[in-house]
Amino acid sequence: MDERSETTVAELSEREILRRILARVGTGSAVVGPGDDAAVLAPAGQIVATVDTLVHGPDFRLAWTGGFDLGWKAAAVNLADVAAMGARPTALLVALAMPDDTTIGFVEAVADGLRAACDELAPGCAVEGGDLTVSDTLTVAVTALGELDGPAVLRSGAREGDTVAVAGELGGAARGLRLLFTRFRDTAHHPVPVDPQMLTDAERDDIAAQLRPHPPIAIGPRAAAAGARAMMDVSDGLVLDATRLADASGVTIALDAASLGPDADTALSGGEDHALLATFPAHLALPDGFRPIGTVLPRGEHPVTVDGAGPAGRGGWDPYADWDAGRG
């Protein structure tokens with residue numbers, strides 16, 4: 001991986017750019033992989049599909065994000081959605097829209113990040129196809145496919161008395177984003193890139209949680225097999241996503257702030273952690289990796305409560321409401 005290559009995509013043909021990408025993303029289990037009009041997969045069970053788009057500006061900033069981190073994050077956020085259904089990720093389809101001055105070194109680094117995320121987070125999953133085009137705004141759109149070994153775990157399955165549990169960390173990505181905006185700069189004329197030497201170990205971990213998330217992908221299918229009734233990816237903040245689950249299930253999610261660690265407010269409101277939120281029948285032992293954080297109650301005044309009260313001021317991340325506020 002060498003993001004320093006100064007050759008731009010405008011100097012190369014689409015065929016050559018694609019050749020360089022395919023040389024790096026590896027191969028998966030598809031019957032027909034990249035190079036034809038579509039991939040041909042050979043599933044043994046039901047297929048789930050999801051798509052997520054990362055756009056320069058609201059979703060990432062090149063002042064802080066290199067090509068490898070961008071490829072990793074684009075894969076990770078989609079893999080988390082597949083895992084949240086209780087499925088095993090099997091394939092990614094990746095579309096890149098790039099300005100003419102994007103260097104081929106950066107593009108190759110994106111491909112390396114995609115492959116590394118699949119290899120570490122979801123072994124057996126790989127990039128099986130995609131598309132390239134030009135754009136004034138750098139954009140990465142990923143479609144992820146996954147296979148179910150049993151019924152899908154939906155948001156609508158929570159029942160009164162269930163234990164509410166989470167797998168993965170909460171709050172780190174939001175703290176990392178706060179550090180990026182307050183300690184560094186993303187301006188056209190005077191960018192201040194991330195300098196790890198200016199950070200404590202804890203701060204480096206938080207920025208890594210934002211730029212290169214590690215969602216617990218393998219735990220999703222294990223949760224389904226263990227009897228999870230409802231599950232979802234926590235991408236927009238625990239309170240906001242728990243509200244979505246509560247609304248889909250017609251229940252109230254009662255959260256216990258003490259179970260969320262010393263920075264409960266950030267755990268409740270911060271986004272982009274890509275932890276897994278699930279409910280399990282109270283009589284079941286939680287699968288390894290999950291910890292209890294609350295209980296499912298009959299539907300009350302609030303879809304989510306924190307220590308018995310409505311979660312005022314803990315609404316989470318809404319790109320349409322928050323983008324102008326600069327949360328990015």
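User: Hi! I'm new here, and Asp-241 caught my eye. Which helix is Asp-241 in?
Analyst: Welcome! This is a predicted model, and in it Asp-241 is found in helix 7.

User: Is Asp-241 buried or exposed?
Analyst: Asp-241 is buried, because its relative accessible area is 1%, and buried means under 20%.

User: What does the side chain of Asp-241 reach?
Analyst: The side chain of Asp-241 comes to 2.9 Å from the backbone nitrogen of Ser-235. A polar atom of that side chain also lies 2.9 Å from the backbone nitrogen of Asp-236.

User: And which residues does Asp-241 touch, leaving out those up to four places away in sequence?
Analyst: That list is Met-232, Asp-233, Val-234, Ser-235 and Asp-236.

User: Nice. Let's switch to the sheet. How many strands does the open sheet have, and in what order?
Analyst: There are six strands, ordered 6-8-5-9-7-10, and the pairing is mixed. Strand 6 (230-234) and strand 10 (304-306) are the edge strands, each pairing on one side only. From one strand to the next, the twist averages 25°.

User: Which helices pack on the sheet?
Analyst: Helix 2 (residues 67-84) is one of them, touching strand 6 and strand 8 (275-280), and its direction makes about 170° with that of strand 6. Helix 7 (residues 238-249) packs on the sheet too, touching strand 6, strand 7, strand 8, strand 9 (290-298) and strand 10. The direction of helix 7 makes about 155° with that of strand 6.

User: How many bridges join strand 7 to strand 10?
Analyst: Three bridges join strand 7 (residues 251-255) to strand 10, and the two run parallel. As an example, Leu-255 has Val-306 in strand 10 as its bridge partner.

User: What comes after strand 10? Where does Ala-309 lie?
Analyst: Ala-309 lies in the loop between strand 10 and helix 9 (319-322). Ala-309 is partly exposed, with a relative accessible area of 40%. Its C-alpha atom is separated by 8.8 Å from that of Ala-254, although the two residues are 55 residues apart along the chain.

User: Changing topic: which residues of helix 6 are buried?
Analyst: In helix 6 (residues 219-226), the buried ones include Ile-219, Gly-220, Pro-221 and Ala-223. Their cover includes helix 2, strand 2 (88-98), strand 5 (163-167), strand 6, strand 8 and strand 9. Just after helix 6, Gly-227 has a positive phi of about 105°.

User: Last one: is helix 3 mostly covered or exposed?
Analyst: Helix 3 is mostly covered, with 14 of its 18 residues buried. Helix 3 (residues 104-121) reaches 26 Å from its first C-alpha to its last, close to the 26 Å expected.

Key. Residues are numbered from 1 along each chain as its sequence is written. This is a predicted model: local features need pLDDT of at least 70, side-chain atom pairs count only at pLDDT 80 or more; totals for chains, interfaces and linings use all residues. Side-chain values use heavy atoms; hydrogens and water are left out. Two strands pair if DSSP finds at least two bridges between them. Helices (H or I, at least four residues) and strands (E, at least two) are DSSP runs, numbered from the N terminus. Axes are lines fitted to C-alpha atoms, for helices over the stretch in contact, and angles run from 0 to 180 degrees between N-to-C directions. Contact means heavy atoms within 4.5 Å. Buried means under 20% relative accessible area, exposed over 50%, partly exposed in between (1.4 Å probe, protein chains only). The expected span of a helix is 1.5 Å times one less than its number of residues. A polar contact is a pair of N or O atoms within 3.5 Å; within protein, one must be able to donate a hydrogen and the other to accept it, and residues adjacent in sequence count only if both atoms are side-chain atoms.
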